[in-house]
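Trainee: Could you take me through one part of this model up close? I'd like to see how its strands are put together, and then what sits around them.

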Amino acid sequence: MRPSRGSEAEVEERRRTVLRQVADEGEIRIADLAERLGVSVMTMHRDLDNLTERQLLHKGRGVATAFPVVTMESAVRFREHADLDVKTALAAELIEEVAPGSTVLVDCGSTLFPFARRLAAVEGLHVITNSLRVAYLLSGSSTEVTLLGGRFHEDFESCAGPRSRRELRSLRAAVAFVTATSISAGRLYHPVREYADNKRAYLQAADRTVLAVGHRKFGRTATYGYGDVGGYDLLVTDDRAPADELRAARDLGAEVHTVTPTAPPT
């Protein structure tokens, strides 16, 4: 009898494991990956073809090679359930910035998903977002949602590009909540130009701007730089963020708040 390929959830979890191992080691032979995960070489080739199509790693002749870690970690499907304690703690701090009846701009990125769930309980909000997931999390609530248009990027589950920026120029929010994939010495980076450009536009569309990032985003760069944390009124991160990065943020003029995540019960 042929072995089962597993459910969709099991296959996706295996691919997450593959991605992590390749990212950790830089390059691994495909036959070795198959042996480690207890699957056939043919199954491993299918997994790697899927990850390659999603631009999360490179499949070469007999080997799988990692892209920069930031490329992997910016894909929503691989980040949604990571560091939930940090994201939950950030959400509790961010919600203090929201006044009932206001208009808020919410960036894409799994860092803000727990925050979006909290927004559903705030009365009279109008949320502007480029994230389909954020819009979905607010469905069924009384929150008014405006979804920005533009080119849809599947791995980010959101839209970006010139159309998004044009729409932002005609809108105004009381506060914008923005994420970052990479911060180094206070400088901000993103692996996709359209998102780097979008994040610049967010700053012009709100009276107050808040940058929300977990500690893993510090000390790394990506292809496109788009300013620094000094462009934001407030940086909210967790207490595992590197001290030198927090000093750099303060030196650039940003107010910094750190939160202490609560470990989930065992």
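Mentor: Let's start with strand 4 (residues 103-106) and strand 9 (residues 173-178), which run parallel and are joined by three bridges. Strands here are DSSP runs of E with at least two residues, helices are runs of H or I with at least four, and both are numbered from the N terminus. Two strands pair if DSSP finds at least two bridges between them. For one bridge you can find yourself, look at V104: its partner in strand 9 is V175. In general, strands of a sheet pair through backbone hydrogen bonds, either parallel or antiparallel.

Before going on, remember that this is a predicted model: local features need pLDDT of at least 70, side-chain atom pairs count only at pLDDT 80 or more, and totals for chains, interfaces and linings use all residues. Residues are numbered from 1 along each chain as its sequence is written, and side-chain values use heavy atoms, with hydrogens and water left out.

Now widen the view. Strands 4 and 9 belong to an open sheet of seven strands, ordered 6-5-4-9-12-14-15, with parallel pairing. At the edges are strand 6 (144-147) and strand 15 (255-259), each pairing on one side only. From one strand to the next, the twist averages 20°.

Over by that second edge, helix 11 (residues 243-251) lies across strand 14 (234-238) and strand 15, running at about 150° to strand 15. Angles like this run from 0 to 180 degrees between N-to-C directions, and axes are lines fitted to C-alpha atoms, for helices over the stretch in contact.

Next, the helices. Helix 2 (residues 30-37) and helix 3 (residues 41-53) have axes that come within 9 Å and cross at roughly 105°. The two are therefore roughly perpendicular to each other (65 to 115 degrees; under 35 is roughly parallel, over 145 roughly antiparallel, and the rest oblique). In contact (heavy atoms within 4.5 Å) are I30, A31, L33, A34 and L37 of helix 2 with V41, M44, H45 and L48 of helix 3.

Helix 3 also packs with helix 1 (residues 8-25), at about 80° and with the axes 10 Å apart. Here V11, R14, R15 and V18 of helix 1 meet T43, M44, R46, D47, L48, N50 and L51 of helix 3.

Finally, step back: the protein chain has eleven helices and 15 strands. Its C-alpha atoms fill a box of roughly 60 × 45 × 40 Å, taken along the principal axes.
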